[in-house]
Structure formats: structure tokens, C-alpha cells
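Please open the structure in a viewer and keep the selection tool at hand. The tour below goes from one selection to the next.

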Amino acid sequence: MSSSLDGFPEGQVQFDLERGGASVRVDAGLYPLEAIYGAAYVFIDRCFVLLDRADGGAYRVWLSPKKATDEQSVRAMLGELGNELLSCAWRAQIAKESRSIIEAVTARALGGARGAPGLDDLEAFDFSDEAFDDPLGIAMSWEEKYGKKKAEEPKAEAAEPDAEPKP
Amino acid sequence: MNLLQIRKASTSFAMPFRHRQVAGKHLLTNTEGAFVLLDDAEFTAFAEGTVARDSALYTRLRERNFVRAEVDQRAIEERIRTRKRFMDLGPNLHIVVVTLRCNETCVYCHASRADMSATHTDMSKETAEKTVDLILRSTNPSVTIEFQGGEPLANFEVVQHIVDYALKKNEKVGKTLEFTMVSNLSLMTEEKLKWLVEHKVQMCTSVDGPEHLHDKQRKLPSGAAALPLAGHAHAVAKHWIGRINEEYARLGLDPTLYHVEALLTTTSETLPLWKDVVDTYVGLGCKALFLRPVDPFGFAERSGGRVEYPRKDYLEFYRDAVDYMLELNKQGVQILERFAAIFLTKILGGEDPNFLDIRSPCGAAIGQVAYNYDGKIFTCDEGRMLHEMGDDTFLIGELGKTTYRDLMGHETVRAMAIASNLDAQPDCVNCTYQPYCGVCPVHNHKTQGSIFGRMRESTLCAVHKGIQDYLFEKIASGDPHVIQTFQRWTTVRDRTHFLQTCAL
């Protein structure tokens, strides 16, 4: 296992051409986990990919190429992983900062293309489905939500036990 | 000179802007897509907020909404609304692959054509009708049905059926219909031509440049064409381009507007032939030339080593070719470059021509839909091309099983709308060309493994940036002839003869 590869800091990467694997250490404080998932996923058509924890609050991304490879290809692959990590991390940041405009544009574009449901769509709608969850009480009337609570109904009398158990 | 060198940058003078150095000047753009070109002294005054109110520079900046204190909020809203008008409408372009069979063999074939014997790749009339039924569900009041292949003339009966069926069905729907066909023209006959002209089907073909290059890259087997010209793809295309243009003239249509459009696919062998390419197109009577680089789809991937090239070389080719076209325009020859026209319509015209590959978000499904011969439905033609290469990432439905609204709400469509939104894309979010540009998630997926891609490493981004650099250099030169020609290239005239409306 070698830990020296041209262009990468010593110890940051490990690779073993004979055993067909390479890995890079990724600082968890610099890259959000979703960026690591996104960047590693890009390689699954070319490599077997494994994520692992490394020492000092870091992750390690293991790439094992599906076909035989050489040192130059490993270098290119790990370099691409590094670039994709940065791209994913920055995109996650942009998505947080520009969430409202991204959502507005997406909703407008998809809404314009989709249009209002027609009679065919309503016909195909599954009305037997469960009512949607409403944890914030948005679908409740003002009275239901904030009005005075009615005096509690007296608890129903405990039902008489059936003389005979029902089948 | 850059912003870091500005000692006392003002935080209150300027509206948000992006900037880039072009031709020794500072190009500034803003959210609404307005631009100004400033020299060093003007840029310093702008960044420091020391532009005199009674100066010509202040007026220029104010008129284009770069001055915070003078901003016209309503004008900004209106301009953004104009640029993004396409977002309120559904898919306009519907690509119908009536067969994968093709009688030409092209080194870069993006469509992964099948042999002429592969009749199982012909679309059936039943599938064709289902395709039209779905197309007419689009929320867009204007719909273009584009016949592609393979070679659509190889399944002409279904082309005819689709046109007849769509016109009849549209009597109850009332959309504005347009039909176009992308064909190598080698299976054209006088009888087919008569029918196509009568039914107002526009024709578009491929021309790879001068005859020797075209014939080398597009092999037409001997005996494949119904003319004495058989065996020579270029001669066959030239013959039919002439015949079609004659028919348009016979109908009294303006030849500057009504003529066969041709598409170029730039390969490594095209690059040194930029002058011959332009001359060939002018000689064929074409008024537009689309200098498209080769895409990494279909056979182009397999023959990549032979047809591909560094994009730096492509951009030199592009500059040489367009410089020559500008020179020809100066001499009174009307020929425009399509990439330039798309960008200039946004830069100078303030409108978006709705070219689906260069808009934000891109037109995947919400602007175009591709229907395969077997009833499978894709976000776009590029997505269908990947399907033929064994990748179904962009398959979003199947005729008879998927409703129109399900297609538009498909998770892949949603993901592509986000991935091609330049406000969500690293690099693009800060790019000076953001108001005019677009990305292709399918290209990103194919070349970089993710629909988001990495723009600094994207060949498509290199092409878009390089072309816009060239255009702004030309604008910065202030040559009145160039500006006049560019203004003319932004003028989009509808080919109303081909619009088929049906009052309800």
C-alpha cells in the first residue's frame, strides 16, 4: 500500500495497484456528508465504492476499479473525486443559500408544463387513499384550532362485555 | 485590473453584478441580463461608487439598472418575465422517431441507426396515434412535431399518418401545429416531395461541409438512392435541397425565409475546412449555418478518437468561420451562425429564443419530449440517444401507460429542472454569462457521471463560454457593420406558412 501519489499531499491518499484499490481521506469538517455521498456515487459505474470512517473525524472513500488500471489512471480518478467533492460541497451550500429562488423557478417551470388536472386526471385519482397528514393543523378551521374547547364529553360508559365472545 | 485591486470599493452604489474581462475591457452583466463594457477607469469609478451623476457613464449605468439608487424595479421584473416567458408553457417540441432504420452510415451517428432491414424498429400506426394523442395534451398552445430517425423517409407511411391524424385531432383541440422533418433526403422522391410541400412539412437536412468531407463521413451505399446520383450523399442532398427550394419559390414564398435548413456536425476533419464549410452552405442557398460540435452520443463515442478534438481547436474554427461569415455579410451575402443568433437574441434582443439546450432551466420534458418508435418516452432527444446506448436514465414513460401529467411530474424531470437551473449550479451561479446560458444534464451525465456536472471541466461549458467571449469581443470592437449584422441575426421571423391553426 503506497501513500504517495504525484500531486496529492502525503498520507491523504492510499493505493495498491496489485490489490486494485485506492482511497482518499476526506475531512468531515470541510465536506458535508451529502457531498461525500454525491461525489462517491459518480464512480459506481467504473469502481466498487466503499465509505469508511478514518481517524481524526474524517471519512475515507475507497475506490476499487472494476477493470485493471495503472498509476496514472488512479491519479486521474482520485483527482476527479476531489473535484467532484468540491463541486458537491459548493452545490449543497448554494442550494441552502438560494433555496427560495430554486424552488420558485422549479415550481413555475414544472407547473407551467404540467397544467391543471383535467377530468381524466380526476377520474384516475385514488380518492380511497388515506387523508394527508396535517401536523401543523393547516387544514383545520380557525374555530377548530383556536376556538374554545367544548366541555369534555362524558366518557362513554364502559360497554357491557358481551355475554358471548364474537367469532 | 480586477475587483481585488479596488481600494475603496463601495457597497452601496452598484446593484448586484457579475463581471469578466473581455477584449481588454470589463464586461458586467446583471440579473435582468443587461450588460455594459467598461474600461479600467470606468470600472474603478463604478466599483468605488464615484461616477459623477451628470456623466455619460452614469446615464449608461442607470439605463441598464446597474445603479442601486436609480433602480427601476418594475423594469427589472418585466425584463426577467420576458426572458423567462417559456416557463409558463409546456413542451413545444415533440421529437418522433418513426424508425431507427437509415440508409446512410455516418461516422458520428448520434442516433445509433439500424440497418435498412431492421423493420422491427419502425413505429406502427397505432403507436403513432397514441403519440399524437399525448402530444396534443401539452399545455403549450403551439406544438411542433419533428420527425427524426434513423431516416424518417424510410417509414414515410407513418409520417403521413401522423400528419393526417394530428391535423384531424387538432380540429377539436385548436393548437397551432408545425411539422418538420430531419432527413438525409436520399430516399426522397418527387411524389413524396409533392405530399410534404402540400402538407406544409418543413424539411431540414445534414450537410457536413464540402463534398469530399460529406461523402467520406456520410456513407451512402451504391444504389441506396433513387437517382442517378446514387452513391454520392452530398450530390443527392444538394439535388433535393435545390428541388425543395424551387417548390417553395413556386408557391411564391420569400426565399430569404423559406428554404431548406441544414445542420453541420463538426468533426476533427472539419476544423481546417472552415472556409469551405461556409462556402458550401452559401452555395446551397442556406441562410443559416449551425456550427455544432460533435456530441458524445451514439457512434460518436465509439469513433471518438477519430472525430473528437480539443474544444480550444473548435473555438478557433468557430472564430475563423464566423469572421468569414461577417465578411460575407459585409459583401451583401446573408448567412448567419445559429449559436451566435441564439446568444445574441438574449444579449442584444433581451428575449429568449427558447432554444431548449441553452436556457435555464433546460427544456428536458418541460420544453421538448422525445417519443421512440416502440412507444418509450424520453426527456429529450439526447436522453433517447443514451437509451440506444443502453442507459435508461432519461426514460420517463411509455405510451398507453403514462399520462401527460405523470410525465411532466416525473422525478427525473424534476431533477433535471433543478440540475439545469443556473442559480443552483456551481460556477454558473457566478458566471457573467449566466443570463444568456444553459447547461445540458444529459451531457453532464454522459461525460461526468452526474446530471449536475462540473462546469470547469465541461466541454459544453467551454464552447458556450468561448462563443460568448467571441461575441462580446466583437461587440466591444464597436464596428458598426458587425453590430448591424448582429442586430439582424437577432431578428426572429416566424415561418407563418408552416403554421397550421384550426379555429375551434
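What follows is a walk through parts of chain B in a predicted model.

**Stop one: a sheet**

Select residues 18–22 and 35–38 of chain B, which are β1 and β3, then add residues 25–29, strand β2 of chain B. Together these form an open sheet of three strands in the order β1-β2-β3 (chain B), and the pairing is antiparallel. β1 and β3 of chain B are the edge strands; each has a single partner strand, so one side of each has no neighbour in the sheet. On average, and with direction ignored, neighbouring strands of this sheet are turned by 25° against each other.

Now zoom in on β1(B) and β2(B), where the antiparallel pairing runs over five bridges. Show Gln21(B): opposite this residue is His26(B), in β2(B).

**Stop two: the helix on the sheet**

Which strands does helix α18 of chain B touch? Select residues 459–477 of chain B to find out: helix α18 packs on the sheet and touches β1, β2 and β3 of chain B. The direction of helix α18 makes about 75° with that of β1(B).

**Stop three: a helix pair**

Move to residues 125–135 of chain B, helix α4, and add residues 156–173 of chain B, helix α5. Their axes come within 9 Å and cross at roughly 35°, and the crossing is right-handed.

Show side chains where the two helices meet:

- From α4(B): Lys125(B), Ala128(B), Glu129(B) and Val132(B).
- From α5(B): Val158(B), His161(B), Ile162(B), Tyr165(B), Ala166(B) and Lys169(B).

Coloured by class, this contact of α4(B) with α5(B) has six nonpolar, one polar and three charged residues.

Technical notes:
Residues numbered from 1 in each chain as written. Chains lettered and ligands numbered in written order. Predicted model: local features only at pLDDT ≥ 70, side-chain atom pairs only at ≥ 80, totals over all residues. Axes fitted to C-alpha atoms, helices over the stretch in contact; angles between N-to-C directions. Helix = DSSP H or I, 4+ residues; strand = E, 2+ residues; numbered from the N terminus. Left-handed = near helix turned anticlockwise from the far one by under 90°. Contact = placed C-beta atoms within 7 Å. Nonpolar A, V, L, I, M, F, W, Y, C, P; charged D, E, K, R; others polar. Pairing = 2+ DSSP bridges.
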